[in-house]
Amino acid sequence: RSSQIADAIIVLRATNWFIGYALDEYFYFGIFYGMILVFSFYNLIMFIAMRQKQYLFYVLYNLSVGFFEMSTDGIAYQYLWPNWPVWNQIAFAFFLYGTSIFALLFTRELLFVKAKAPKLNQLIIGIIICRSLFFIYSLIFDQNLFNYKFLEFIPLAVAFFTGIYIFKKGYQPARFFVLGYSFLFFGFTLKFLIMLGLDWLNFGAITYYSLSICFVLEMVFLSFAIGDKVRI
């Protein structure tokens, strides 16, 4: 029994095909979560060495993404908290909240938003406060609100727009930031349109894992953005 929306896809397959698919799926899971761990560990070392908050926010963002994906695909319940079904019902909401908050904090820190775009800085702080209040209200009064995942489009759009704005003002490290968020924006929009009923956009497994693929591409380009900032 689940308090969340559950997709049940019924398919008839040969045993050999199913075993091969399952092995491939867990292999790609290993690559995806392995990349998150590698990127997180590397940037944690950089934070310890350089004491710049952008590295810490990037680590926390990556870990939030990883735990959210694990909560969504069932890996977390299988391996991390198999005896905590009550926590498993709402775990995704905590990590989705962390993903949005740390993404905005990382954007603010990496792009010097406070100095380069004071009004956007105020907007980001306002979004963080509103998102926090919504999370607390949902947790205490109505946990069904956690299922409104499409609301994460707002902090994503704000971070994306901030990157574009600051890049247009001539700040070069924002180019990789914008490129990375372009992939994530595309993946999120694709998922959102499918959720609205545009089934012709659904191409099976590729579409199902499209957001995870976009997260990987975003991680790579955000790392380039950090390196670009340090180099410049």
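This report describes the helices, the nonpolar core and some individual residues of a predicted model.

Residues are numbered from 1 along each chain as its sequence is written, and side-chain values use heavy atoms, with hydrogens and water left out. Local features need pLDDT of at least 70 and side-chain atom pairs count only at pLDDT 80 or more, whereas totals for chains, interfaces and linings use all residues.

**The core**

The largest nonpolar core (a set of buried Ala, Val, Leu, Ile, Met, Phe, Trp, Tyr and Cys residues joined through side-chain atoms within 4.5 Å) has 58 residues, and those with the most contacts inside it are F106, L111, F177 and Y181. At least two residues of this core come from each of α1, α2, α3, α4, α6, α7, α8 and α10, where helices are DSSP runs (H or I, at least four residues) numbered from the N terminus. The most is given by α4, with twelve residues. If residues up to four places away in sequence are not counted, L111 touches K116, T162, G163, I166, Y171, A174 and F177, contact being defined as heavy atoms within 4.5 Å.

**Helices α6 and α7**

The 23 residues of α6 should span 33 Å at 1.5 Å a residue, and its end C-alpha atoms are indeed 33 Å apart; the expected span is 1.5 Å times one less than the number of residues. For α7, with 16 residues, the reach from first C-alpha to last is 22 Å, close to the 22 Å expected. Buried residues (under 20% relative accessible area, with exposed meaning over 50% and partly exposed in between, for a 1.4 Å probe and protein chains only) of α6 include L120, I124, I128 and F135, and the buried residues of α6 pack against α4, α5 and α7. In α7, the buried residues include P155, V158, F160, T162 and G163. Just after α7, G170 takes a positive phi of about 105°.

I124, which is found in helix α6, is buried, with a relative accessible area of 0%. Leaving aside neighbours within four places in sequence, I124 is in contact with L104, R108, V113, V158 and T162. The C-alpha atoms of I124 and I232 are separated by 25 Å, and these residues are 108 residues apart along the chain.

**Other residues**

S71 is found in helix α2 and is buried, with a relative accessible area of 12%. Apart from its neighbours within four places in sequence, S71 is in contact with A76, W81, A91, F92 and F95.

At the surface, W17, F18, I19, Y21 and L23 make a nonpolar patch of about 530 Å². Such patches are made of residues with over 30% relative accessible area and no salt bridge, with like charges joined within 9 Å and nonpolar side chains (Val, Leu, Ile, Met, Phe, Trp, Tyr) within 5 Å; a salt bridge is a side-chain nitrogen of Lys or Arg within 4 Å of a carboxyl oxygen of Asp or Glu. L23 belongs to helix α1 and is exposed, with a relative accessible area of 59%.

Two loop residues have a positive phi although neither is a glycine, and they are set out below.

| Residue | Phi | Loop | Relative accessible area |
|---|---|---|---|
| R51 | about 60° | between α1 and α2 | 61%, exposed |
| F112 | about 50° | between α4 and α5 | 39%, partly exposed |

Methods
Areas by Shrake-Rupley, 256 points an atom, 1.4 Å probe, with all protein chains shown as cover.
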